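Hi everyone, thanks for letting me go today. I'd like to walk you through one chain, so have a look at the screen while I talk.

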Amino acid sequence: MAKRVIASKTPDLKQKFSGQLLGQAIKAKRTQSGLTQEDVALMCGISKTTLVKVENGTEEILLSSLLRITRALGVNLFIEEWSNGAYEWSEWN
């Protein structure tokens, strides 16, 4: 019998970006698509452990792994246009 996947609720995507938010969004997209972690890991050519780390918001992940996951699930990442004003480092933390 196939493993049943319970869909996670989509997080508030308007909140400040973080590894935690990205992980929640990836998990939501995966579960809403009815895919197991094993399914996605195989689709992406990564280990299940790597996917678990991403879904848990671990920020020490290879960009190549993250991009494979987002492409496979159809999660779009983009850079918004910014103004020419300088930002203080404190705005990033």
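Before the tour, one bit of vocabulary: an axis here is a line fitted to C-alpha atoms, for helices over the stretch in contact, and angles run from 0 to 180 degrees between N-to-C directions. Also, please keep in mind that this is a predicted model.

Okay, the overview. The chain has four helices and zero strands, and reading along the sequence you get α-α-α-α. There are 93 residues in the chain, and 29% of them count as buried. What share of the contacts with a separation of 6 or more comes from residues 24 or more positions apart? That would be 51%.

Now let's put two helices together. Two packed helices are described by the angle between their axes and the distance between the axes. Here I'm taking helix α1, residues 19-32, and helix α4, residues 63-73. The angle between them is about 40 degrees, and their axes are 10 Å apart. Is the crossing of α1 and α4 left-handed or right-handed? Left-handed, in this case.

So who meets whom? On the α1 side we have Leu22, Ile26, Lys29 and Arg30, and on the α4 side they meet Leu66, Ile69, Thr70 and Leu73. Sort the residues of that α1 and α4 contact by type and you get five nonpolar, one polar and two charged.

Next up, helix α2, which covers residues 37-44. Its buried residues include Gln37, Val40, Ala41 and Cys44. These residues span an arc of only 100 degrees around the axis, so they sit on the same side of α2. And what covers the buried residues of α2? The cover includes α1, α3 and α4. Just after α2 comes Gly45, with a positive phi near 70 degrees.

Helix α3 is residues 48-55, and we can ask the same kind of thing there. Which residues of α3 are buried? They are Thr50, Leu51, Val54 and Glu55. Their arc around the axis is only 135 degrees, which means they are on the same side of α3. Among what covers them are α1, α2 and α4. α3 is also followed by a glycine with a positive phi: Gly57, near 85 degrees.

Let me stay on α3 and go residue by residue for a moment. Start with Thr49, which is in α3. Thr49 has a relative accessible area of 51%, and the cut-off for exposed is over 50%, so Thr49 counts as exposed. From Thr49 to Gln37 it's 9.1 Å in space, C-alpha to C-alpha, with their positions twelve residues apart in sequence.

Then there's Thr50, also in α3. Leaving out neighbours within four places in sequence, Thr50 is in contact with Ile61 and Ser65. Thr50 and Ile61 are eleven residues apart along the chain, and their C-alpha atoms are separated by 7.6 Å.

Val52 has its place in α3 too. With a relative accessible area of 27%, Val52 is partly exposed. The C-alpha atoms of Val52 and Glu38 are separated by 10.0 Å, and the two residues are 14 apart along the chain.

Now for Glu55, in α3 as well. Why does Glu55 count as buried? Because its relative accessibility is 7%, and buried means under 20%. The side chain of Glu55 makes a polar contact of 2.9 Å with the side chain of Gln37. Not counting residues up to four places away in sequence, Glu55 touches Gly23, Gln24, Ile26, Lys27, Arg30 and Gln37.

Arg30 is on that list, so let's finish there. Arg30 lies in α1, and at a relative accessible area of 6%, Arg30 is buried. Setting aside neighbours within four places in sequence, its contacts are Val5, Leu35, Thr36, Gln37, Val40, Leu51, Glu55 and Leu73. You've already met Leu73 as one of the α4 residues facing α1, and Val40 as one of the buried residues of α2.

If you'd like something to try on screen, find Arg30 and trace its contacts to Gln37 and Glu55. Then look for the polar contact that joins the side chains of Glu55 and Gln37. That's my tour, thanks for listening!

How values were computed: Residues are numbered from 1 along each chain as its sequence is written. This is a predicted model: local features need pLDDT of at least 70, side-chain atom pairs count only at pLDDT 80 or more; totals for chains, interfaces and linings use all residues. Side-chain values use heavy atoms; hydrogens and water are left out. Helices (H or I, at least four residues) and strands (E, at least two) are DSSP runs, numbered from the N terminus. Buried means under 20% relative accessible area, exposed over 50%, partly exposed in between (1.4 Å probe, protein chains only). A polar contact is a pair of N or O atoms within 3.5 Å; within protein, one must be able to donate a hydrogen and the other to accept it, and residues adjacent in sequence count only if both atoms are side-chain atoms. Contact means heavy atoms within 4.5 Å. A crossing is left-handed if the near helix is turned anticlockwise from the far one by less than a right angle, and right-handed if clockwise. Ala, Val, Leu, Ile, Met, Phe, Trp, Tyr, Cys and Pro count as nonpolar, Asp, Glu, Lys and Arg as charged, and the others, Gly among them, as polar. The arc is that of the directions from the helix axis to the C-beta atoms.
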